[in-house]
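Trainee: I am new to this structure and would like a close look at a single part of it. Could you take me through the enclosed empty space, and then through whatever surrounds that part?

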Amino acid sequence: MSVMLSVHLPLLASAPNGIQKLRGLILELAVRGKLVPQDPNDEPASELLRLVAKERARLEVEGVCKKSKCVPPASADEQPFTLRDGWKWARLDSVAPLPIADGDWIESKDQDVNGNVRLVQLADVGVGEFKNKSARFVNDETFSRLNCTEIVPGDILVARLPNPIGRACIFPGLDQKAITVVDVAILRPMKGTCSDYFVLAINAKPFREQVESYGKGATRFRVSTGHLKTIALPIPPLAEQHRIVAKVDELMTLCDRLEAEQMDTATAHARLVETLLGTLTQSTDATDLAANWQRLAGHFDALFTTEASIGALKQTVLQLAVMGKLVPQDSNDEPANELLKQIADERARLETDGICKKSKLMPPIGEDEQPFDVPESWAWERIGNYAIQTDYGLSEKTFPATEGVPVLKMGDIQAGNVILGGQKAIPVTTEGLPYLFLERYDLLYNRTNSAELVGKTGIFRGPAQQYSFASYLIRIRCANGLVSPCFLNFVMNSPMFRETEIVPHLKQQCGQANVNGTILRNMRIPVPPAAEQHRIVAKVDEMMALCDNLKADLASARQHQAKLSDTLIESALEAA
């Protein structure tokens, strides 16, 4: 590796995907002859390839393998770069005495869980590493009937499907016989050659790019074995191959160490952030929080250097908001109990006027049911009593259209917001409309999804009476003239709410989790006075903007770092 690259190794390793890029660079330098010095006394690669060709001719004469069609050497146009003296380009099929073989076509009916012949699959083939993941077998009878090709220790396995396509590893051998599936090709190097070099050369970028240029199939991107045979591989003298492999092993070990150090650093950083953010949530009130925040603010540049840490900061802000610690209380605010009476009166009026459906009153929350203490002017209430109405959405099948009523689905709820655009539609005459049209600042709660996503909630800020929503969403409509729906949205997206109101009620059904409308109406929320709700929303918006700025700065710094690392890599490849 060049001296310049060695000096800048820490910078390259710390760049986005830096270790991965560094591993790729090591392989590319290796196959370009730039990783170890050449020795003019080495026997040239042409002699090695001559011996391989001689061995293949012998095997063909003896009938061990069929006579193969003569393939011309790689032309200048097919050679990705100029080779060092003593090196030679060779097609992959010419580096071993036996032609590259396909794996076996094994159907499900041919498999036997009690069989003693292991079926090696794509998942077993890693980049330079045999993964040993498969748990599928065939029996001896099937092995003989299908005339399967047994793989032996030292065989090189090449994946004809992603990810990534063309990856290769050496088969180390197992306790039983083994064969491969059809999408794993087999290359059996000649004894005395350096199989490890072939593997690293196949996994290097120049070979991978050739493989990808041959990839076929709209749904299954694959390379044929016929095309694999023709791909050009840079072959150094045998002695240099061994020196290259030793150097690659040394540098990959260095990468492993850098990666481990990064993981240790990342773990320590995450613990530090967690501890310091914990001091914020432990603040006794807004005044104490302000002092703790000030101490933390001086170290933002060092603390919030990852997306995860910025995400943790956002979650902490929401937690502080719903605990009544983000802004100071004002003794002149009308207490939350009065606000709840006004909400009940407003709901009764709307039900009497037929504007919303009559709802069942939820039971009060006892002191022993309150998840945590809130300020004296606050109260605990259930969503069913706090909201004016909660409604399931439409089950009508949607269709792509430029006209009709767009229907919002669970994927449209992202990070507390409802994303508009690209929705499918239903006819405006659909039963349930216009009652199920959305109004501005309605909340949409996702009642059915994967366990980690069920319960996500977003606020609708689009035009009124133009959008509706699907049946696995629940609309929550507040008395917007009395309360801030944005505050309720913050509550429902806070860590506290998820921990106490969502997770205990998760029910798995066919791979999906469901927390339904009845449970939703019983969920507990802290309620501040109306005036304080608006102050909290303003403060949260201010602090979320700060987090977004931190995230933008981080993205910019990473982009700059990535460009710099790419420049270093290009310089290393261009260096003599």
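Mentor: Two elements, α7 and β8 (232–235), each supply at least two residues of the lining of the largest cavity, and the model in which this cavity is found is a predicted one. The largest share of that lining, three residues, comes from α7, the helix that spans residues 205–214. Written out, the residues that line the largest cavity are Val31, Pro80, Trp89, Ala201, Ala204, Pro206, Phe207, Gln210, Ala232 and Pro234. By class, nine of the lining residues are nonpolar and one is polar, while no charged residue takes part. The volume enclosed is about 40 Å³, and a search of the whole structure finds one cavity of 30 Å³ or more. As background to such a search, rolling a probe the size of a water molecule over the atoms shows where empty space is left.

From the cavity it is natural to turn to the largest pocket, to whose lining α7 also gives two or more residues, as do α3 (18–31), α6, α9 (238–281) and α18 (530–574). About 1100 Å³ of space lies in this pocket. Its lining is made up of 29 residues, and those that lie nearest its centre are Gln20, Arg23, Gly24, Leu27 and Asn203. Helix α3 provides the largest share of the pocket lining, with seven residues. Divided by class, the lining of the largest pocket holds 13 nonpolar, four polar and 12 charged residues, whereas the lining of the largest cavity has no charged residues.

Helix α6, one of the elements that line the pocket, leads us on to a sheet. This is an open sheet of three strands in the order β5-β4-β7, and the pairing is antiparallel. The strands β5 (168–170) and β7 (184–187) stand at its edges with a single partner strand each, so one side of each of them is left without a neighbour in the sheet. On average, and with direction ignored, neighbouring strands of this sheet are turned by 25 degrees against each other. Helix α6, which covers residues 195–203, packs on the sheet and touches β4, β5 and β7, its direction making about 165 degrees with that of β5. Within the sheet, β4 (residues 156–159) pairs with β7 in the antiparallel sense over four bridges, and leucine 157 stands opposite isoleucine 186 in β7.

Another strand, β6 (residues 177–180), is the place of lysine 177. With a relative accessible area of 29%, lysine 177 is partly exposed, because that class lies between the limits of 20% and 50%. Leaving aside the neighbours within four places in sequence, lysine 177 is in contact with Asn116, Val117, Arg118, Asp140, Phe143 and Glu150. One of these, aspartate 140, is 37 residues away along the chain, and the C-alpha atoms of lysine 177 and aspartate 140 are separated by 9.4 Å.

Finally, we can return to α9, one of the helices that line the pocket, and follow the chain into the loop between α9 and α10 (286–297), where aspartate 285 lies. Aspartate 285 also counts as partly exposed, at 33% relative accessibility. The C-alpha atoms of aspartate 285 and alanine 451 are separated by 34 Å, and these two residues are 166 residues apart along the chain.

Terms used. Residues are numbered from 1 along each chain as its sequence is written. This is a predicted model: local features need pLDDT of at least 70, side-chain atom pairs count only at pLDDT 80 or more; totals for chains, interfaces and linings use all residues. Side-chain values use heavy atoms; hydrogens and water are left out. Two strands pair if DSSP finds at least two bridges between them. Axes are lines fitted to C-alpha atoms, for helices over the stretch in contact, and angles run from 0 to 180 degrees between N-to-C directions. Contact means heavy atoms within 4.5 Å. On a 1 Å grid over the protein atoms alone, a cavity is a set of points where a 1.4 Å probe fits but cannot get out, and a pocket is an open set with protein on both sides within 12 Å along at least five of seven lines; lining residues have an atom within 4 Å of a point. Grid points are joined across faces, edges and corners, and a volume is the space filled by probe spheres set on the points. Ala, Val, Leu, Ile, Met, Phe, Trp, Tyr, Cys and Pro count as nonpolar, Asp, Glu, Lys and Arg as charged, and the others, Gly among them, as polar. Buried means under 20% relative accessible area, exposed over 50%, partly exposed in between (1.4 Å probe, protein chains only).
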